[in-house]
Amino acid sequence: MSHWFERLQKEVINADLCTRCGSCVGVCTTKAIRFDEVLGECLPRLVQACDDCDGRCYFGCSGREVSFPALNDFTHGMQPDNPLIGAHGPMYVGYATDPNIRMRAASGGVITALLKLLLDEEMVTAVLALGTVPEEPLRPVPLVIRDPDDLRLTQQSKYSLAPTNTVLQDIVNVEGPLAYVGLPCQVHSIRKLQMAGHPEALKIKYLLGSYCGNALYFEAIRSYLRSEGVKDPGEVEDLQYRAGEWPGFLQVKLRDGREYRLKKFYANYLTPFFIVDRCLVCTDHSNEFADVSAADAWAPRYEERGQGWSLVYGRTPAGIELVERGRAAGVLELQDMDVDQALDMHSHMTDFKKRGAFVRMKHLASSGRPVPEYGYRPKEIPKKRRMLEAAIHGVFRVGRSRIARWLLPFVPPAMIGMVFEKLRWQWKLITKRTKRADLWDTEFVYTEQREPVESPHLVDAERSRSDNIRG
Ligand SMILES: Cc1cc2nc3c(=O)[nH]c(=O)nc-3n(C[C@H](O)[C@H](O)[C@H](O)COP(=O)(O)OP(=O)(O)OC[C@H]3O[C@@H](n4cnc5c(N)ncnc54)[C@H](O)[C@@H]3O)c2cc1C
């Protein structure tokens, strides 16, 4: 086994810190690493020896160490004024003006509209994005897209684990500049690779990132199917996590014509049972190192109107310019949004990531379990908030027990979904004060880095930095 994969195995995979971003597979020049059972635990595995490896799989990994201070320096050339949301430009709520894009999207279709603009105006040669192809209805696959019409294959969120960054192995012979879409952990890895001068990562000029609360193990879909009486997932012809009008439905179509649908908010019942463990210690909800971030515009005044609304904003000069270009070209309809309102829309998840994750890490570390290193932490978390974490921990512990997962399919999804949704609102209402108390004033401090490991500097790191910080 290679020395570097051995370290990855020990420090990341066995330590339960793998984000499943897919980069280790994507950067392996000898194709020695592969994902086993994407629809299972979804972990990378060495399938052949790779003795002459330079450690890129280890240095690009987003599982064990993601230095926010270093990535902020690299991506934004500064530390953010507001560490709760990261560096950002003007913020907007809006949607894609093309009704087909908006209708098929997870929220307002802003990501797809911007990708289409980039391809139409030949600002990029191709787009790297996770899509669904008819031959593989259950397993999303990363695609290299050159024809704007093919973007329809990529629309909507896929909430099950999907190692998007394996796509890096498909672009060795693809000329840049490229656009890319990823979740925060996937973007962390791309930025780490860019920082180390990885040639394929450096071809990516535009990183579009969606907000991310958490991903689910595919077992969530199996459980849902079982509760609808479908024992064999092979019967599924089409699976969509956000079908129909925003906020959409979890929708499954079977080969024999049967169809099942569950409101998105009801489908959230699967979260406490199948949340990916690593997501509980992730501290990036808003995709802080993307060029453009996009999210659902969760606020009653938009939710009441349906159709699809996104929160969207650029973070880097290139991202800010792209959003403005989208507006000027008429592909995006945008309304101004101030940062406080934007934070308010996602306050529960901001708290979950920027305080909850740190409480959970402290708890894990105190019992000797490995935790990721981010290079920063909140200076202080109020006692009430720390106590609340015990209740959250209890919910996940019970939910993820074998017995709870086994029993789950016996309850009709519409019923448990409705109960879950009611409880969620109650919980949000009860915990609102504690979760918000002092949240906006949270102070963050830099923590000592672990012993730094000499990065491989795959090409000239200075070049990668100046290429990356545009404008
Ligand atoms: C696992 C997950 C968790 C999320 N959590 C939140 C949340 O807590 N709060 C919130 O506001 N928004 C969250 N989102 C983002 C939200 O669902 C929308 O993606 C966002 O609002 C942008 O919508 P859109 O209409 O512009 O996207 P669309 O135009 O429909 O495009 C979606 C893009 O995202 C890409 N994509 C979809 N799934 C994945 C994936 N698993 N990995 C990498 N790329 C993917 C697609 O390839 C496509 O390019 C989450 C998304 C995912 C996948």
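**Buried, bridged and crossed**

User: Why is Arg56 called buried?
Analyst: Its relative accessible area is 16%, and buried means under 20%, so Arg56 makes the cut. Keep in mind that this is a predicted model.

User: What makes Asp54 and Arg56 a salt bridge?
Analyst: Their side chains meet at 2.9 Å, N to O. A salt bridge needs a side-chain nitrogen of Lys or Arg within 4 Å of a carboxyl oxygen of Asp or Glu, so the Asp54–Arg56 pair qualifies. Asp54 itself has 32% relative accessibility; that sits between the 20% and 50% cut-offs, so Asp54 is partly exposed.

User: How do you know that Glu41 and Arg20 meet in a salt bridge?
Analyst: The N to O distance is 3.8 Å, and the limit is 4 Å, so this pair counts too. The two residues come from distant parts of the chain, 21 residues apart: Glu41 is in the loop between β1 and β2, while Arg20 is in the loop between α1 and α2.

User: Is Arg20 buried or exposed?
Analyst: Buried: Arg20 has a relative accessible area of 2%, and the threshold is under 20%. Glu41, at 47%, is partly exposed.

User: How many salt bridges does the structure hold?
Analyst: There are 27. Another one is Glu136 with Arg139, at 2.8 Å, N to O. Glu136 at 30% counts as partly exposed, and so does Arg139 at 27%. Elsewhere, Asp351, Arg355, Arg360, Arg385 and Glu389 are joined into one network by salt bridges that share partners.

User: Why are α15 and α16 called roughly perpendicular?
Analyst: Their axes cross at roughly 80 degrees and come within 10 Å. Angles of 65 to 115 degrees count as roughly perpendicular, so α15 and α16 fit that class. The contact involves Asp351, Phe352, Arg355, Gly356, Val359, Arg360 and His363 on the α15 side, and Arg385, Arg386, Glu389, Ile392, His393 and Phe396 on the α16 side.

User: What makes α6 roughly perpendicular to α13?
Analyst: Here the axes come within 10 Å and cross at roughly 90 degrees. That lies in the 65 to 115 window, so α6 and α13 get the label. Leu114, Leu117 and Leu118 of α6 meet Leu322, Val323, Arg325 and Gly326 of α13.

User: What makes α6 mostly covered?
Analyst: Nine of its 11 residues are buried, among them Val110, Ala113 and Leu119. Just after α6 comes Glu122, with a positive phi near 55 degrees.

User: Why does Tyr92 count as buried?
Analyst: Tyr92 has 5% relative accessibility, and buried means under 20%, so Tyr92 is buried. This residue is in strand β3 and touches, among others, Ser310, Val323, Arg327 and Met337. Tyr92 and Asp336 are 244 residues apart in sequence, yet 4.6 Å apart C-alpha to C-alpha.

User: How do you know that Ser223 is buried?
Analyst: The value is 1% relative accessibility, against a cut-off of under 20%, so Ser223 is buried. Ser223 is in helix α9 and touches Phe274, Leu408 and Pro409, leaving out residues up to four places away in sequence.

User: Why is Trp406 called exposed?
Analyst: Its relative accessible area is 54%, and exposed means over 50%, so Trp406 passes. Trp406 lies in helix α17 and belongs to a nonpolar surface patch with Ile403, Leu407 and Phe410, about 490 Å² of accessible area together.

Notes: Residues are numbered from 1 along each chain as its sequence is written. This is a predicted model: local features need pLDDT of at least 70, side-chain atom pairs count only at pLDDT 80 or more; totals for chains, interfaces and linings use all residues. Side-chain values use heavy atoms; hydrogens and water are left out. Patches are made of residues with over 30% relative accessible area and no salt bridge: like charges are joined within 9 Å, nonpolar side chains (Val, Leu, Ile, Met, Phe, Trp, Tyr) within 5 Å. Accessible areas come from the Shrake-Rupley method with a 1.4 Å probe; for residues, only the protein chains shown count as cover. Helices (H or I, at least four residues) and strands (E, at least two) are DSSP runs, numbered from the N terminus. Buried means under 20% relative accessible area, exposed over 50%, partly exposed in between (1.4 Å probe, protein chains only). Axes are lines fitted to C-alpha atoms, for helices over the stretch in contact, and angles run from 0 to 180 degrees between N-to-C directions. Angles under 35 degrees count as roughly parallel, over 145 as roughly antiparallel, 65 to 115 as roughly perpendicular and the rest as oblique. Contact means heavy atoms within 4.5 Å.
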